[in-house]
Amino acid sequence: MVSPAIALAFLPLLLTLIIRYRYYFVLLYRAVLVRWVQDLVTGISREERVYQYILTHATPGDPESVLDSFDDWCNKVEFISHIGPKKGMILDRLLKEHCPLTVLELGTHCGYTAVRIARSLPIGARLFSVEMDEGNARVAEKIIRLSGFDDDAVELIVRPSDEVIPRLREDYGVERLDFVFMDHWKRCYLPDLQMLEGSGLLGEGSVILADNVIFPGAPNFLRHACRSGLYEHRVHRATLEYIRGIRDGMAELIYRGAK
Amino acid sequence: MGQTQISTGNEGQVTIYCIDTDGDSHGGGQEMERESKNQKEKKTEKGGATRSRRRRSEERSEERSESSRDGRKDRRRGGKEGRRRGRQGKEEEIKKDRKNNKNEKAKKQLESNTNHSKSSSSSSSSEEEEEGEKEKVGDEEFVVGSLSPEELERLKEAVDERKKLITTLRGKPWPMRKKLPTLRESQLFVEKYEGALGKGRGRKLYAYKVMMRKKWMKFERDLENFKTACIPWEMKIKEIESHFGSSVASYFIFLRWMYGINMILFSLTFGLVMVPEALMGRPYGSIPRKTVPREEQASAMDFAVLWDWGGYAKYSVLFYGYYNNQRAVGWLKFRMPLSYFLVGVGTVAYSYMVVIRTMARNAKEDGGGDDTSFNFSWKIFTSWDYLIGNPETADNKFASITTSFKEAIVEEQESRKDDNIHLTRFLRVLANFLVLCCLAGSGYLIYFVVRRSQKFALEGLDNYGWWERNEVNMVMSLLGMFCPMLFDVISALENYHPRIALQWQLGRIFALFLGNLYTFIIALMDQINLKRAEEEIVKFNMTAWQANLYNGTIPENSTAPPITVDPADVPRGPCWETMVGQEFVRLIISDTMTTYITLLIGDFLRAVLVRFLNHCWCWDLEYGFPSYSEFDVSGNVLGLIFNQGMIWMGAFYAPCLPALNLLRLHVSMYLQCWAVMCCNVPQERVFKASGSNNFYMAMLLVILFLSTLPAIYTIVSIPPSFDCGPFSGKSRMFDVIQETLESDFPAWFGKVFSYASNPGLVLPFLLLMVLAIYYLHSTSKTYKHANLELKKKLQAQSEENKKKNKLAAQKAANDLEQAKIMAAAEQQEKEEKQTNNNASRRGEERVIAIAF
């Protein structure tokens with residue numbers, strides 16, 4: 001029988017852990033508990049809820065307004081994992097610098113990032129957005145169309161990414177990808193990157209931007225990027241979207257080809 | 001040209017030099033270096049400083065060396081083997097032929113060199129040819145005889161130049177890859193030709209002297225290296241410093257210093273107390289206090305003795321109770337009790353002395369005044385260590401300089417930041433409040449546990465399990481482990497500069513540990529009182545037992561020898577001193593164990609998990625949640641200090657404590673060095689620990705004082721046990737002094753001592769001492785002030801000088817400018833005149849032409 005005094009001596013440890021990792025507890029609460037409760041209460045999925053909110057709050061045809069209402073919802077109501085406004089600025093800057101004509105997005109989720117990318121693309125550029133889950137894809141389609149982007153600007157592909165990448169050239173007539181944005185399953189970053197390398201779609205100067213490389217993190221992906229010698233890489237450090245204290249980062253890889 | 005004349009003697013040696021260079025193409029670096037060493041010659045060539053000339057002059061100097069070398073060789077040859085002259089002559093001829101051939105080559109090379117430098121190559125080559133012819137004569141001269149005085153002079157000059165170069169090489173604005181070969185080459189040169197200098201017969205002696213001096217210097221350098229190698233753990237600490245910054249290194253330096261102190265303490269107790277008792281005192285089993293009692297004998301060799309320190313360990317030289325109160329032991333008549341007492345006092349006195357002396361020395365290094373004014377310049381220009389030869393060390397040094405730059409930049413940034421002051425203040429107050437709550441909580445918990453343990457002790461410990469018996473130690477260790485973590489988290493609120501934050505953290509942990517320690521001591525005091533009550537009962541029983549013994553066995557025969565009882569069967573008192581010593585030893589052991597286990601689990605296991613689970617985990621372990629641990633400087637320093645405090649407290653009752661501590665420090669030096677290099681990452685905000693060394697010392701002093709207080713209290717106010725320890729039978733422990741004075745010193749000494757210890761004398765003496773301290777303190781203050789003033793003055797003066805120089809330079813520049821303008825004006829005038837003249841002449845011509 002352990003005495004209560006010894007148990008009490010562990011109290012400082014408990015407090016330390018709680019204080020030090022408070023942001024993670026907040027994240028747990030917002031992303032898991034609130035979602036679970038809301039799912040039970042409303043009976044529709046989180047993505048449907050965000051769509052309803054945007055439908056009631058945003059101006060149709062205006063991507064800015066759609067993005068703003070997205071941010072509002074994520075800040076005030078529930079947590080949903082996408083790039084967020086702060087890291088979005090980095091994304092915008094990169095897009096402005098490179099002016100890509102063909103963009104591939106892996107992991108559309110609700111279409112926030114797709115809208116964000118599409119709005120800063122030059123005229124005539126195409127965005128291929130890949131989403132595996134059909135329910136999410138339905139919502140994303142509606143949101144993208146609501147923001148005023150048609151089928152030519154943003155094409156939504158509802159298939160797993162590892163099936164899409166090898167067929168991009170044949171089915172979609174893509175010759176070269178100028179910009180790839182990755183925000184799907186963190187485990188798929190590395191296989192998909194290797195598949196992209198193998199497919200020959202990457203050319204000199206193609207940019208690959210991967211979100212959430214530090215939290216939840218994709219160490220294998222980063223290691224490959226460092227060691228393969230095919231890329232110039234740098235990590236943009238930021239915090240996780242909508243939660244202040246969790247460090248996160250985006251990896252920017254510029255394809256240089258084998259030397 | 002004067003200088004051609006100079007070089008007539010051996011100009012031809014150009015060829016040799018060129019042949020040399022043919023084989024291994026000298027880099028540009030050497031060229032440059034030659035330039036520098038021939039600065040004199042360059043000066044003479046002011047007129048036409050073309051590249052080819054310079055090159056030639058360089059070559060000349062090179063030749064000089066070559067020629068002298070040859071000359072020496074030849075001389076030796078000539079001296080020793082005059083008979084072979086003929087054959088040698090033939091050889092010489094062949095050599096000359098070869099030289100001539102190569103002469104051509106060399107000339108071609110020279111030409112090609114000179115061509116691109118747009119000088120009149122043809123003329124120079126012709127010159128060269130001339131000189132070459134002259135040189136042949138010189139060559140022959142060398143072969144036949146020794147060096148001419150003129151050549152000697154030149155050689156001497158060259159050697160001097162090289163020497164100068166070696167001394168000034170550090171200041172030269174060259175890259176390292178050029179400096180090193182230059183240095184090596186000039187050193188070789190000097191070494192080779194220095195011996196040739198000196199005159200006539202003294203030459204050999206001179207050469208010998210030079211050689212010996214070289215050897216001596218080399219020996220001195222080696223000795224220096226050896227000394228550095230002899231400083232224990234120096235390399236390890238340097239390596240850590242280069243990777244983790246000076247704050248982590250300061251911990252290890254402190255640890256090493258502590259090790260040194262403990263070494264002295266250990267040698268004192270071991271040499272003057274433990275060894276004499278073990279060698280000359282009565283052997284084990286001779287008297288009751290040196291024997292394991294009958295009821296304990298069954299379990300005296302149990303494995304538990306290793307951590308309980310009961311059984312045979314308890315009845316050995318390791319603890320107070322084993323020592324006999326015999327006044328002198330062995331054939332040396334060693335005064336054991338006196339020695340025991342004096343060693344106890346001496347260790348404490350020595351510790352005080354060392355700590356205070358170190359503090360004073362550190363304070364001296366502090367200097368005073370602000371040295372921060374040219375911080376970055378100092379760092380840029382003075383941080384590289386030119387003595388480094390090992391590339392690995394250089395890497396380390398590089399890393400450490402970079403670290404120090406980072407530190408300086410962080411400091412600069414911190415000093416310039418200003419935030420919302422009210423919010424910061426509120427947060428700081430809040431943080432302190434939280435810390436106070438935490439301290440109070442932990443204090444209450446320990447108090448509660450100690451009370452409970454007393455209850456257990458009264459009821460008999462055997463009825464309780466391991467957890468209950470070790471509750472106090474466990475709770476103390478756990479609190480000591482976890483509370484600093486909590487403080488660390490709380491201190492993030494305060495947003496201090498890391499160094500100040502470290503001091504706050506240190507202060508808080510200090511308070512926590514002090515609370516824990518004093519609660520422990522209070523508990524011990526209670527136990528001492530219990531034991532003394534028990535002792536009274538035992539004393540009473542003892543007389544009854546003795547009476548019983550005599551009554552029972554030998555009723556009416558008083559002349560018979562006293563009956564012998566096995567010492568194990570004699571009843572004995574509880575001996576509170578040994579109990580105190582045992583408690584301290586147990587505390588030290590459990591503390592050490594906690595430290596090591598924390599290190600192994602918290603650092604090593606964590607690092608292993610993070611490292612090897614990272615590639616198959618769903619988030620990034622290295623950046624994210626567990627990550628690698630940082631080295632906790634404040635916690636470790638305080639652990640060390642409190643550990644030392646416990647040693648000081650307990651060493652009187654357990655002479656084995658310094659030995660144990662020595663062992664612990666030795667192990668933790670290696671273990672922590674290894675752990676810090678293998679499982680820790682450098683702090684995110686590296687910072688300097690320059691000021692904190694004295695802070696550690698101040699804390700050590702406080703702890704020393706606080707730990708000697710209870711020890712002195714027990715020694716002075718509690719009578720020693722009646723049947724164990726060196727002071728048994730006396731009413732107080734310090735009575736041993738009086739006893740010695742009475743029996744070992746002459747009577748007058750005792751009288752003097754009694755007079756001297758009279759309060760009428762002691763009080764004025766104390767007063768005098770206080771006055772002296774006050775006086776010294778105030779004088780040191782004034783000196784410091786004066787120093788500061790001087791420093792300021794110096795700075796002001798240097799600035800003034802700078803200004804003056806600047807003014808002078810400006811004035812000179814102005815003068816120059818004016819002179820130029822004047823000259824230009826004059827020239828213009830002249831030109832104008834000329835043009836006028838011309839014009840007039842032309843006009844005249846024209847007139848003439850027209851006339852024609």
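Let's start on the surface of chain A: helix H3(A) gives the most to a nonpolar patch there, with five residues. Keep in mind that this is a predicted model. The patch is built from A:Leu8, A:Leu11, A:Leu14, A:Leu15, A:Ile18, A:Phe25, A:Leu28, A:Tyr29, A:Val32 and A:Leu33, and together these residues have about 920 Å² of accessible area. Two elements of chain A supply two or more residues each, namely helix H2 (11–20) and helix H3 (22–42). Take A:Ile18 as an example: this residue sits in helix H2 of chain A. A:Ile18 has a relative accessible area of 43%, so it falls in the partly exposed class.

Now step back to chain A as a whole. You'll find 12 helices and seven strands in it. Its 259 residues are 53% buried, and its accessible surface adds up to about 11,900 Å², with 58% of that belonging to carbon and sulfur atoms. If you look at contacts in chain A between residues at least 6 apart in sequence, 71% of them join residues at least 24 apart.

A:Gly61 gives you a concrete case of a long-range contact. It is found in the loop between helix H4 (46–57) and helix H5 (63–77) of chain A, and it is partly exposed at 45% relative accessible area. Setting aside neighbours within four places in sequence, A:Gly61 is in contact with A:Leu146, A:Ser147 and A:Gly148. Between A:Gly61 and A:Gly148 there are 4.3 Å from C-alpha to C-alpha, although the two are 87 residues apart in sequence.

Next, the charges. Side chains of opposite charge can pair when their charged atoms come close. Over all chains, the structure holds 38 salt bridges. One of them joins A:Arg49 to A:Glu78, with the closest N and O atoms 2.8 Å apart. A:Arg49 belongs to helix H4 of chain A while A:Glu78 lies in the loop between H5 and helix H6 (84–98), so this pair ties together parts that are 29 residues apart in sequence. Both A:Arg49 and A:Glu78 are buried. Elsewhere in chain A, a network of salt bridges links A:Arg159, A:Glu163, A:Arg167, A:Glu170 and A:Asp171.

Over in chain B, B:Arg294 and B:Asp566 form a salt bridge with their closest N and O atoms 3.5 Å apart. The pair links distant parts of the chain, 272 residues apart: B:Arg294 is in the loop between helix H12 (246–280) and helix H13 (305–308), and B:Asp566 is in the loop between helix H21 (498–553) and helix H22 (576–613). B:Arg294 is partly exposed at 41% relative accessibility, and B:Asp566 is partly exposed at 37%.

Finally, the rings. A pair of aromatic rings is described by the distance of the centres and the angle of the planes. The structure holds 36 aromatic pairs over all chains. In one, B:Tyr251 and B:Phe252 meet edge-to-face, 5.1 Å centre to centre with 75° between the planes. B:Tyr251 is buried at 2% relative accessible area, and B:Phe252 is buried at 0%. The ring centres of B:Tyr322 and B:Tyr323 are 6.5 Å apart and the planes stand at 85°, so that pair is edge-to-face too. B:Tyr322 is buried at 8%, and the charged end of B:Lys290 sits over its ring, 4.6 Å from the centre.

Technical notes
Residues are numbered from 1 along each chain as its sequence is written. Chains are lettered from A and ligands numbered from 1 in the order in which they are written. This is a predicted model: local features need pLDDT of at least 70, side-chain atom pairs count only at pLDDT 80 or more; totals for chains, interfaces and linings use all residues. Side-chain values use heavy atoms; hydrogens and water are left out. Patches are made of residues with over 30% relative accessible area and no salt bridge: like charges are joined within 9 Å, nonpolar side chains (Val, Leu, Ile, Met, Phe, Trp, Tyr) within 5 Å. Accessible areas come from the Shrake-Rupley method with a 1.4 Å probe; for residues, only the protein chains shown count as cover. A salt bridge is a side-chain nitrogen of Lys or Arg within 4 Å of a carboxyl oxygen of Asp or Glu. Helices (H or I, at least four residues) and strands (E, at least two) are DSSP runs, numbered from the N terminus. Buried means under 20% relative accessible area, exposed over 50%, partly exposed in between (1.4 Å probe, protein chains only). Rings of Phe, Tyr and Trp (its six-membered ring) pair if their centres lie within 6.5 Å; planes under 30 degrees apart count as stacked, over 60 as edge-to-face and the rest as tilted. A charge sits over a ring if NZ of Lys or CZ of Arg is within 6 Å of the ring centre and within 35 degrees of the ring normal. Contact means heavy atoms within 4.5 Å.
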